[in-house]
Amino acid sequence: IEYDESEEADAHAGTLKHAAKELTTTDYPVAFPTETVYGLGADATRSSAVNAIFAAKGRPADNPLIVHVHSLPQLRALLLGKREVTGDGKEGGKDPIPDIYRPVIERFWPGPVTIILPVPDNSVLAPEVTAGLPTFGARMPRSIIALSLLRLCGRPLAAPSANASTRPSPTAAEHVHDDLSTKVRIIIDGGPCEVGVESTVIDGLSSPPAILRPGGVTVEQLRQCPGWESVVVGYKDKQAEDSSKPRAPGMKYRHYSPKAPVVLFEAGAGKPVFEELRTKSSIGIIRTKSWEPVCNLAAEKTGSSNTNRQASCFPTDAEVYPEPGVSSSRLANLLRSVVQHQIPHADHYIVKPEGIQAWDINLGAETENVARGLFSALRELDKKRVETIYVEGIDDKSGDDIAVAVMNRLRKAAEIRT
Ligand code: TXA
Ligand code: MG
């Protein structure tokens, strides 16, 4: 049978129409891919549909949802409290979208950045979407499937990540199925997500503007936008942060957590793990700095060059095994070698060769690949039922790549309070 592109397009169109019908005529949420992670969508203007999202995820009601739109006119309608989109959505030639966001929207939409906007008095959004806040988050995703679905629905879609609450976000349809198969009837499979971590949530209504959640658009990229030169992660003004209505809700909850505890290695923060390892029978290792040819799915896709190589922050031999004369490599290699019975004097190590099973996932040395593969790796190791997951952190000091978002998620997964 010859491959027929138009037939495939038709098949997709059928799927999307079916999904749009589910979203507009029932309260069942629909899971769909975006460029960041999979979202669990519902008509943002109907409380019953929005409530079904919270129920399916087991999400606390005080954690607001992001509203997804397919166009600026659709967003303007929301800001003016209108159900229908007319023309370009401006009223009397005035744009209801605050000026501060203009350069950000021009540069990054459609794309992985969510902006915080005021809820108008006559809002058509279901109040559950905003969890009672005077603001709502909005974003225009760049995934073609997400945009098409939004257009077909003709309604804004409230969509958090499509994981069960507290679990790592889903970056493949299979992850959604693992968490929510009994709760949703439709999961649109768009393959693995391009970015792999969620959108950057930014607040331009505060002064100075703030990043509430680092994500797919980097700190440095934002700083290049007029008005955003001094943006930092978190509110500069401590008062705004401490006020009784937190403006970054949801951050207080447990997040991105696999079933196994996560131990994160960060540069300069050595951890005495070897004693602890003695008690384990099965562990997972996620490596992020390879001195070997990279062999992971994400890297294969883009072709990996090792230009972004960083010094490992797994503990050095000296830190974990200060006995001179016993040479090996760093933690990951050591463990693997021990497991593979390759070190002649393995008995010298605290880890017993036959005693421990290690699942080793190498995400490669490129930050984008680490971001793309991270949540999937955490989920994969959970499926192996490992007791603890050891993760090699990456350097997030510079702010000019997605490492800030990666380390933010990892510190939360490891329950390190910052
Ligand atoms: O990339 C993404 O943003 C994905 C995809 C599906 O679009 N969505 C996502 O949604 O990550 P969720 O619900 O998992 O995370 C939404 C974040 C939460 O941290 C929430 O607290 C914050 O956005 N948020 C939503 N509305 C807000 C508001 N009015 N003020 C402050 N933060 C808000
Ligand atoms: Mg989420």
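**Loops, core and helix packing in a predicted model**

Pro110 is located in the loop that joins α4 (102-108) to β4 (113-118). In this predicted model, the peptide bond leading from Trp109 into Pro110 adopts the cis form, with omega near -5°. A second cis peptide bond is present from Ser207 to Pro208, again with omega near -5°. Pro208 likewise belongs to a loop, in this case the one between β8 (200-203) and β9 (210-213).

The protein as a whole contains 15 helices and 14 strands. Of its 418 residues, 45% are classed as buried. Among contacts with a separation of 6 or more, 69% are formed by residues 24 or more positions apart.

In soluble globular proteins, nonpolar side chains tend to be buried together. The largest nonpolar core of the model comprises 97 residues, and those with the most contacts inside it are Ala31, Phe32, Val67, Ala158 and Val406. Both domain 1 (5-242) and domain 2 (262-413) contribute at least three residues to this core.

The surroundings of Val406 illustrate contacts made at a distance in sequence. With residues up to four places away not counted, Val406 touches Val197, Thr367, Val370, Ala371, Leu374 and Ile394. Thr367, Val370, Ala371 and Leu374 are among the residues of α14 that meet α15, and Leu378 of α14 also takes part. On the α15 side, the residues involved are Ala403, Ala405, Val406, Arg409 and Ala413. The axes of α14 (residues 367-383) and α15 (residues 403-413) come within 9 Å and cross at roughly 25°. Angles under 35 degrees count as roughly parallel, and α14 and α15 are therefore roughly parallel to each other. Their crossing is left-handed.

Beyond α14, the loop leading to β14 (388-392) includes Arg385. Arg385 has a positive phi, near 55°, although this residue is not a glycine. With 11 C-beta neighbours inside 10 Å, Arg385 counts as exposed. Thr166 is another residue other than glycine with a positive phi, here about 80°. Thr166 is placed in the loop between β6 (157-158) and α7 (173-180). Because Thr166 has 14 C-beta neighbours inside 10 Å, this residue counts as partly exposed.

Thr36 provides an example of a buried loop residue. This threonine is found between β1 (30-32) and β2 (39-43), and counts as buried because 30 C-beta neighbours lie inside 10 Å. Neighbours within four places in sequence left aside, Thr36 is in contact with Pro112, Cys193, Val195, Val197, Glu198, Ser199 and Gly216. The C-alpha atoms of Thr36 and Val113 are 9.7 Å apart, although 77 residues separate the two in sequence. Val197 thus appears among the contacts of Thr36 and among those of Val406.

Helix α6 (residues 144-153) has the buried residues Ile145, Ala146, Ser148, Leu149, Leu150 and Cys153. An α-helix has 3.6 residues a turn, so residues three or four places apart point the same way. After α6 comes Gly154, with a positive phi near 70°.

Notes: Residues are numbered from 1 along each chain as its sequence is written. Chains are lettered from A and ligands numbered from 1 in the order in which they are written. A nonpolar core is a set of buried Ala, Val, Leu, Ile, Met, Phe, Trp, Tyr and Cys residues joined through C-beta atoms within 7 Å. A residue is buried if 20 or more other C-beta atoms lie within 10 Å of its own, exposed if 12 or fewer, and partly exposed in between; C-beta atoms are placed from the backbone. Domain bounds come from an automatic or database domain assignment. Two residues are in contact if their C-beta atoms, placed from the backbone, lie within 7 Å. Axes are lines fitted to C-alpha atoms, for helices over the stretch in contact, and angles run from 0 to 180 degrees between N-to-C directions. Helices (H or I, at least four residues) and strands (E, at least two) are DSSP runs, numbered from the N terminus. Angles under 35 degrees count as roughly parallel, over 145 as roughly antiparallel, 65 to 115 as roughly perpendicular and the rest as oblique. A crossing is left-handed if the near helix is turned anticlockwise from the far one by less than a right angle, and right-handed if clockwise.
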